[in-house]
Every structure is written in structure tokens, then in C-alpha cells.
Amino acid sequence: MNKSTYVEIPVGPQHPALHEPLLLRVKVDGEAVVDVQVITGYNHRGIEKLGERNTWIQNAYLYGRVCGICNTVHAQAYVQCVEEIGGIQAPPRANYLRTLVMELERIHSHMLITAVMAELTGFDTLFMLLMRDRERIMWSKEIVTGNRVLADYIIPGGVKWDVNKDKLSKILKVLDFIEERMKYYKKVIMEDSIINKRWRGIGIIRKDEALEYCLVGPTVRGSGVKTDIRKDDPYAAYGELDFELITYDEGDVWSRMMVRVDEIFESINMIRQIIKKLPDGPIAGKALPRVIKPGEAISRVEAPRGELVYHIISKGGQRPYRVKVRTPSFSNILNGVIAYRNSLLADVPVILGSFDPCIACMERLIVYDVRKNVEKVVPIRKLIRKRVMR
Amino acid sequence: MTSIDDRLKPIEGLFSKVSKLRDNRLIIETDLEKFKELVKKIKGSYTSYLTSIVATDFPDKNVFEINYNIWVFDHQTMFSVRVRIPRDNPKLPTIIDIYPGGLPYEQEVYDLLGIVFEGNPHLREHFFKPEDIKGYPLRKDWKGE
């Protein structure tokens, strides 16, 4: 086929199927996708640079804001690094509570993407039902952390609030409800003919490619690769919990989504174990000193979307020298282009959705005020002052 | 846990120094000449994937320090391959022929620190940074102009 007969269709950056700005330049030959180019750069916030100007404690709050959906895992990954460099440790009860919140977050994140995928497939009823039930998990998160979305719960050395029996029994009730509902939704996803037609055999990523292209999380487990940071490199209380590593071998959209659905059940079991085993004791240990010694740490956690890596370098002092954040979506969205081969134009949003794309996660770096065409750095202190003066 | 030496046997002779952040985090320092061979050998000898490329500017030492964090499944260990390049000639060979998934990582480092990965045809500025931002923001001497 002559190159000139291809048509290029821009999907995004503002597009009803994409909830955040990202441009997919899709080259098509009729309905068949020939090539997809991912264009980024619409959502950069400069968080890595900003982190170099903030103190260690300020950053614990800043990095929770890299992504709204998975804010506690970002805080956990950052705090793990800081605790390693600063030589402090969280007490066991805090580790269990951190794990509890991270698993609640995984459940609501997986429910959200399953709902969004249902919507992208044209199955709006499932979207509505899943979103309604997901709200109960958000309440549970609020019961533990005090906040529905941005928890600001994990701090260096421990967690902020404790739980009591009342709170835990409320959470257990919610879990019983969600488990029943998810069993039903799983049946729908496995048996519904529309979902099967739209998700099965689409966007296939082979097992060998999945590693080669550095894909992570449910995306790589959906291609049959047995990897999960919670098992491979246990952190918080995961080493003491019993759970299954879910994989599916098909490598298509359906298997990536089934990994998530099954992980919800695993997370429910994990939370039950946490509540049963929750040790007594303090929820925070020694506080983080204002000035931290020189050092370096690399921490990894399993975010709902996959492996999240923080690499922090300290030269001593009140601020980090370098904070590198490699989010799971960065790998999955940009390297996931291999999944669009041999697909049809109508499948593009479904394939992108199956990576659980989070653009805010992916683009984090530069933040600058360009009013009056003047480019300048706006340190957070100045922003605070401006707000106060107003 | 196997000893450090056992884990590193297949890549012996290709690095200059090994240090340990904790049991399963090894910093493997190497020089520019041996760097690509080392990465190739890691890919060939272990089941692994590239988790990230972390570049840091050290203007006081006049170097860029680049870490290739590679997770090795065989030993459940992070091999952090570290190479230093001069700040006034920031070039090093690409590794996308070894780990194709390294492409966006290299694009990001090029865009934000101006480090050129020779042999990577897809490097472009403003991959992440907006069109109106000049220079390389993650360099320590960048003033936002």
C-alpha cells in the first residue's frame, strides 16, 4: 500500500474517550490501524524540580499529589526512600495500616478503570453500578484516613491516625458487600457477549514483548508474566500477608481487565487478614529529623497500575538533591503502543483504557508561569505568599 | 540471599566498583567504554527489565551521573548500572537496541537534561516540557530563562 493513502486521525488531546489530555496520532488504512504515535506534553507540572526546592516533609505531601487515584502509594514510595536515607522506621501497626489504605486504594482504582472500560465499550449501566459501589470503598478510605481521595495519611515514621474496632467493623461490612457485588460483575464481564466481542483478542501483547518493552503491573500480568512488587520485593506489611499473584496468559484487553477484577478479591482478602492480624502499639515512631544525612535510596511499590519507582539522592541538608519518579503509566502508555498493531480504529480507546492510563502520573515535570509571556520559576513559597496577600 | 559475588558472576570484569544500598539494591559503577557491553551482558545473562533511567546533574563535579535501574528477576535484585559522563560533552550510546522499552526514558532524559543518546533517532525536545520552556530544567544551573 502506498504511504500516501494512509489517513492520520488525531485522537485527543481533548477527546471524550480520554479523561486527561493526551494525543494519539493514529494512522489508518480504511479502518485498520497502521501506526500509532503518542504525543505527550499537555500536562506537565514540574513536580520533580519542585521537589528539589521543598523540605523533606513538604515533599511527603507534594508527592501524594502526583496522582489523585493512587496518592497513598506515591506517598508510601517517597516515604520509604526517606525512611531508608534518614534511618528511621515505621512501627508494625503503622505498616499494617499503610497496607490497609493502599489495598483500599487498589480496590477503588481497579473498580474505577473497570467502570471506565465499560463506558468506553458502550456499557453504561455497568459503569453506573460500579461507580455507585465504588463510593463505599471511598467511604471506607475516609473512615481510616479522614479523606475520601487525597489521604495525606502516610508520613515519614508512621501514619497520621489510628483506627478502632468500630471503624474496622464498618470496613468489614463494606468489604462483604463489595465482594458480593464484584462476584456478580465478574460474571457479567466473563459472560456478556458485547464485552467479550469488544475485549477478547484485542490489543494483544505477547509475554516476551511485555518484558522487553518494560511494561508493568496488571498490563504485564495480563500477558502471563509472574511479577508483582508486593511478592518480589515486599514492603510495608505485604511480607506477612497471604495472597495470590494473579496472571492471565491471553495478553489481550480482556485478560488485563480480568487481572484487575481478580485482584480486587485478593485485596479484599488481604484487608480481612490485616484487620485480623493488626498489631497493637504506636502508629508512629521516631520523627524525621529536619536535616537528613547524605545518601541514596531506590524504592519500589506496586501501585494499582503497576510498579512505581522512586529514586532519591540526598546530599545532606533539609531538601532532597534529586527525586526521580517513574510512574507505571509512563511505561504502559508510551511503550504500550505495540498493542495497537493489527487493531481497528474503534478499538483504540479500549486498548488505551486497558492500560489504566493516568496522564497526570505520566507527566510530572515542569511548572511555570507564562503570563505576560514571561517564563519564570514560581517557588511554592511565593505562591503561598500570593495567596495570603489576596 | 546469595552473596554479591555470586549474583554478579556473569558480568565480572565489566564494572569498576559495586556498592550496596541494601541487600537487593546494588549500585554497579562502570565507565563509558564498557557501559553498553555491560548492559548487553545483563540482558543476555538474566531475566530482567529496565525500570528507569535516572540522570542527575552534579555541576560541582562537572558530571552527569546516569543510573540505569534494571530489575533482575533471577536474584530479585535491582542492578543500578551507574555511568558518569562529562557535563560539557553529554553523550552516551543508546540502549534501545537492547531494551526497546527504554525509548521513552531516554526521550525524557534528553528533553529535561539535554543528554544525547547516540543512535536513538527519536529524541526530540518538548517531549514533555512545554514549547515555551527553553533549556534543560533539571540541570542545576537552569534559571527558568
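Two strands count as paired if DSSP finds at least two bridges between them. In this predicted model, the opening strands of chain A make a good place to start. Strand β1 (residues 7–11) of chain A lies antiparallel to strand β2 (residues 23–29) of chain A, with five bridges holding the pairing. One of the matched positions is I9(A), whose bridge partner in β2(A) is V26(A).

On to the next strand: β2(A) also pairs with strand β3 (residues 32–39) of chain A, again in the antiparallel sense, through seven bridges. Here D29(A) sits opposite A32(A) of β3(A). Just two residues separate β2(A) from β3(A), giving a hairpin. In its turn, G30(A) takes a positive phi of about 70 degrees.

Helix α4 (residues 92–121) of chain A passes a simple length check. Its 30 residues, at 1.5 Å a residue, should span 44 Å, and the end C-alpha atoms are 43 Å apart, so the two values agree. Most of α4(A) is covered, with 28 of its 30 residues buried. Right after the helix comes G122(A), which has a positive phi near 95 degrees.

As for the interface, 33 residues of chain A are in contact with 30 residues of chain B. On the chain A side, at least two residues apiece come from α1 (47–53), α8 (207–212), β6 (292–303), β7 (306–317), β8 (322–326), α12 (328–335) and β10 (376–377). By residue type, the side of chain A that touches chain B holds 14 nonpolar, six polar and 13 charged residues.

Technical notes:
Residues numbered from 1 in each chain as written. Chains lettered and ligands numbered in written order. Predicted model: local features only at pLDDT ≥ 70, side-chain atom pairs only at ≥ 80, totals over all residues. Contact = placed C-beta atoms within 7 Å. Helix = DSSP H or I, 4+ residues; strand = E, 2+ residues; numbered from the N terminus. Nonpolar A, V, L, I, M, F, W, Y, C, P; charged D, E, K, R; others polar. Expected span 1.5 Å × (residues − 1). Buried ≥ 20, exposed ≤ 12 C-beta atoms within 10 Å, placed from the backbone.
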